[in-house]
Amino acid sequence: MVYFNLNDSVNLIKKLTLRRLWNATLVMVSFQCSKLLKKPVQWGYPISISFEPTTSCNLRCPECPSGLREFTRPTGMLQKDFFRETIDDIYKELLYLIFYFQGEPYLNPDFLEMVKYASNKGIYTATSTNAHYLTDEKAKKTVESGLDRLIISIDGTTQDVYQQYRVGGKLDKVLEGARNIVKWKKELNSKTPFIFFQFLVVKPNEHQIEEVKKLGTEIGVDQVRFKTAQVYDFQNDPNRLIPTIEKYSRYKKDKNGEVKSKSGLQNHCWKLWHANVITWDGLVVPCCFDKDATHQLGNLKTQSFKETWHNDNYKQFRKELMTSRKNIDICANCSEGLTVWED
């Protein structure tokens with residue numbers, strides 16, 4: 001789920017055109033019709049998409065396929081020509097573009113050039129980074145690119161705690177990168193990007209929740225977000241990541257003591273109607289939980305995006321979701337609605 005504060009919301013609203021507004025209306029109405037009729041009805045095109053700049057990453061986080069180097073799909077870099085062709089096909093309807101799926105976006109040498117291209121099309125752009133590559137030069141170029149939202153992952157306020165999840169990472173590099181972005185926003189008199197710290201709450205860092213709020217204020221980020229952690233084997237939790245503070249946990253125990261996801265699995269999903277994910281090599285998958293692209297709904301190297309969005313694969317997947325979502329593997333760990341925001 002995507003959240004905005006007032007200033008960020010105003011920036012997003014400025015991106016609206018009559019065509020994008022009409023498209024969003026069609027999508028929302030079709031979703032409500034689908035819930036009412038209990039069968040998929042799909043009008044319009046995505047309001048939001050995620051585009052994967054790369055699968056490469058400099059860190060080795062224990063619950064991340066990219067960090068663990070455990071992808072079953074090919075790894076690589078998004079090519080800017082392919083990216084431009086896709087954006088040219090959908091930008092008139094598209095409102096929100098997330099430059100992230102797996103990997104560290106700044107490892108793609110053309111990343112900021114692609115951000116600028118999308119920004120020039122009037123699309124709201126966002127990315128998530130571990131901030132190790134936000135040098136003074138890159139920070140300046142980031143602000144100049146027109147990026148609207150910058151999520152900086154910071155999962156600890158001391159090196160010993162930070163590195164327990166962000167394996168191989170250096171907290172001082174993260175803080176340096178954050179300060180560089182804040183500095184260049186001021187020097188260039190820019191209202192963007194909206195900067196926030198994202199704190200993935202796990203058992204080793206849950207005692208630093210108040211500290212990261214203070215750190216965010218000290219550095220000058222716009223907001224702090226606390227995110228629930230996805231644990232693949234949550235019933236056993238081999239890395240002991242599930243926090244003890246229930247508010248920040250994606251899981252709970254039932255009356256029999258069995259660990260289950262809090263989200264529940266109703267036979268509908270807003271994500272499948274308004275958004276999707278495109279991998280670096282052009283595969284279209286339902287959402288960010290399909291990290292290995294096992295549910296391939298299309299391939300943009302052989303079919304246009306708009307053709308893909310209404311193809312038979314999509315129709316069949318939406319139908320399955322509305323009849324037996326509990327049987328779809330990627331839905332088991334869904335965290336829709338489980339992000340905690342605090343000022």
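Which residues lie nearest the centre of the largest cavity? The legends below answer this and then move through other close-ups of this predicted model.

**View 1. The largest cavity and its lining.** Cys269, Cys287, Arg325, Cys331 and Cys334 lie nearest the centre of the largest cavity. In total, 13 residues line the largest cavity. Its volume is about 100 Å³. The structure holds one cavity of 30 Å³ or more. By class, the lining of the largest cavity has 10 nonpolar and three charged residues, with no polar ones. Helices α10 and α12 each supply at least two residues of this lining.

**View 2. The second largest pocket.** About 270 Å³ of space lies in the second largest pocket. Its lining has 12 residues, and the closest to the centre are Asn7, Asp8, Asn11, Lys191 and Thr192. Helix α1 (residues 6–13) gives the largest share of the lining, four residues. The lining divides into six charged, four polar and two nonpolar residues.

**View 3. The cis peptide bond at Pro193.** The peptide bond from Thr192 to Pro193 is cis. Its omega is near 0°. Pro193 sits in the loop between α8 (171–187) and β5 (194–201). Thr192 also appears in View 2, as one of the residues closest to the centre of the second largest pocket.

**View 4. Helix α2 and its buried face.** Helix α2 runs over residues 18–37, 20 residues in all. At 1.5 Å a residue, α2 should span 28 Å, and its end C-alpha atoms are 28 Å apart, so the two values agree. Which residues of α2 are buried? They are Arg20, Asn23, Ala24, Val27, Ser30, Phe31 and Ser34. Seen down the axis of α2, these buried residues fall within an arc of 130°, so they line one face of the helix. On the other side of α2, Leu18, Trp22 and Leu36 are exposed. The cover over the buried residues of α2 includes α10 (271–274) and α12 (312–324). Both α10 and α12 also contribute to the cavity lining of View 1.

**View 5. Lys38, just after α2.** Lys38 follows directly after α2 and takes a positive phi of about 60°. This residue is not a glycine. Lys38 is found in the loop between α2 and β1. Is Lys38 buried or exposed? Its relative accessible area is 65%, so Lys38 is exposed.

**View 6. Ala131, a buried residue with positive phi.** Phi of Ala131 is near 70°, a positive value in a residue other than glycine. Ala131 is found in the loop between β3 (124–129) and α6 (136–145). With a relative accessible area of 1%, Ala131 is buried.

**View 7. Helix α4 and what covers it.** Helix α4 spans residues 80–90. Its buried residues are Phe82, Phe83, Thr86, Ile87 and Ile90. They cover an arc of only 130° around the axis, so they sit on the same side of α4. Several elements cover these buried residues. Among them are the strands β1 (48–51), β2 (96–99) and β9 (275–278). The helices α5 (111–120) and α11 (305–309) are also included.

**View 8. Tyr91, between α4 and β2.** Tyr91 is in the loop between α4 and β2. At 22% relative accessibility, Tyr91 counts as partly exposed. Which residues does Tyr91 contact, leaving aside neighbours within four places in sequence? They are Arg20, Lys121 and Ile123. Arg20 is one of the buried residues of α2 shown in View 4. Tyr91 and Ile47 are 44 residues apart along the chain, and their C-alpha atoms are separated by 9.8 Å.

**View 9. Ala293 in its loop.** Ala293 lies in the loop between β10 (283–285) and β11 (298–299). Its relative accessibility is 3%, so Ala293 counts as buried. Not counting residues up to four places away in sequence, Ala293 touches Arg73, Thr279, Leu283 and Val285. Ala293 and Ser50 are 243 residues apart in sequence. In space, C-alpha to C-alpha, Ala293 and Ser50 are 13 Å apart.

Note on methods. Residues numbered from 1 in each chain as written. Predicted model: local features only at pLDDT ≥ 70, side-chain atom pairs only at ≥ 80, totals over all residues. Heavy atoms only, no water. Expected span 1.5 Å × (residues − 1). Buried < 20%, exposed > 50% of the residue type's maximum accessible area, 1.4 Å probe, protein only. Arc of directions from axis to C-beta. Contact = heavy atoms within 4.5 Å. 1 Å grid on protein atoms, 1.4 Å probe; cavity = no way out; pocket = protein on both sides within 12 Å on 5 of 7 lines; lining within 4 Å. Points joined across faces, edges and corners; volume = space filled by probe spheres on them. Nonpolar A, V, L, I, M, F, W, Y, C, P; charged D, E, K, R; others polar.
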